[in-house]
Amino acid sequence: MLIEGKHICRYCNEAFEWFYLVPQKYNSSRLMDVETIPNNKVGIYYVIKSVEKDGYILPLKATIYCPKCGKLDELEIKYDDK
Ligand SMILES: [Zn+2]
């Protein structure tokens, strides 16, 4: 599963788009979903905090390198569902 979002860097205040390929908790016999990696977006660098949901490990807090200033920023990911 691919999740995407927008983040504003706390260092340079520039907005950029990010993506993350969510790993599945269980390796089922079927092949992993094939996702297209967006080439204009920045991948999450490291997941600090995550939650399990429907067999996926969803990131809640992560670090990401800002493509504008190159600094490592922190990112919080919100999900709409209750
Ligand atoms: Zn920046």
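Let's start at a turn: the hairpin of strand 4 and strand 5 has two residues between the strands, and there aspartate 54 takes a positive phi near 50°. Keep in mind that we are looking at a predicted model. Why might that phi catch your eye? Most residues other than glycine have a negative phi. Aspartate 54 has a positive value and is a residue other than glycine. You will find aspartate 54 in the loop between strand 4 and strand 5. Is aspartate 54 buried or exposed? Aspartate 54 has 8 other C-beta atoms within 10 Å, so it is exposed.

Now follow the two strands on either side of that turn. Strand 4 covers residues 46–53, and strand 5 covers residues 56–65. They pair in the antiparallel sense, over seven bridges. You can check a few positions on your screen. Lysine 53 stands opposite tyrosine 56 in strand 5, and valine 51 has leucine 58 as its bridge partner in strand 5.

How many of the eight residues of strand 4 are buried? The number is zero, so strand 4 lies largely in the open.

Let's widen the view. Strands 4, 5 and 6 form an open sheet in the order 4-5-6, with antiparallel pairing. Which strands sit at the edges? They are strand 4 and strand 6, residues 72–76, and each of them pairs on one side only. From one strand to the next, the twist averages 25°.

On the way from strand 5 to strand 6, stop at glycine 70, which lies in the loop between them. With 10 other C-beta atoms within 10 Å, glycine 70 counts as exposed, because the cut-off for exposed is 12 or fewer. Here is a link back to the early part of the chain: glycine 70 and cysteine 9 are 61 residues apart along the chain, and their C-alpha atoms are separated by 9.9 Å.

That brings us to another sheet. Here three strands form an open sheet in the order 1-2-3, and this time the pairing is mixed. Its edge strands are strand 1, residues 2–8, and strand 3, residues 42–43, each pairing on one side only. Strand 1 and strand 2, which spans residues 15–21, pair in the antiparallel sense over seven bridges. To find your place, look for histidine 7, whose bridge partner in strand 2 is phenylalanine 16.

The loop between strand 1 and strand 2 holds asparagine 13. Its phi is near 65°, a positive value in a residue other than glycine. Asparagine 13 has 9 C-beta neighbours inside 10 Å, so it counts as exposed.

Finally, let's go inside. In soluble globular proteins, nonpolar side chains tend to be buried together. Which residues make up the largest nonpolar core here? There are six: Trp18, Tyr20, Ile44, Ala62, Ile64 and Leu75. Strand 2 and strand 5 are the elements that give two or more residues to this core.

Take one core residue, tryptophan 18, and ask what it is in contact with, leaving aside its neighbours within four places in sequence. Among its contacts are Ile44, Ile64 and Leu75, which are also members of the core. Tryptophan 18 is in contact with Glu4, Gly5, His7, Lys41 and Val42 as well.

So, if you explore the model yourself, you could begin at aspartate 54 in its loop and finish at Trp18 in the core. Thanks for listening!

Terms used. Residues are numbered from 1 along each chain as its sequence is written. This is a predicted model: local features need pLDDT of at least 70, side-chain atom pairs count only at pLDDT 80 or more; totals for chains, interfaces and linings use all residues. Two strands pair if DSSP finds at least two bridges between them. Helices (H or I, at least four residues) and strands (E, at least two) are DSSP runs, numbered from the N terminus. A residue is buried if 20 or more other C-beta atoms lie within 10 Å of its own, exposed if 12 or fewer, and partly exposed in between; C-beta atoms are placed from the backbone. Axes are lines fitted to C-alpha atoms, for helices over the stretch in contact, and angles run from 0 to 180 degrees between N-to-C directions. A nonpolar core is a set of buried Ala, Val, Leu, Ile, Met, Phe, Trp, Tyr and Cys residues joined through C-beta atoms within 7 Å. Two residues are in contact if their C-beta atoms, placed from the backbone, lie within 7 Å.
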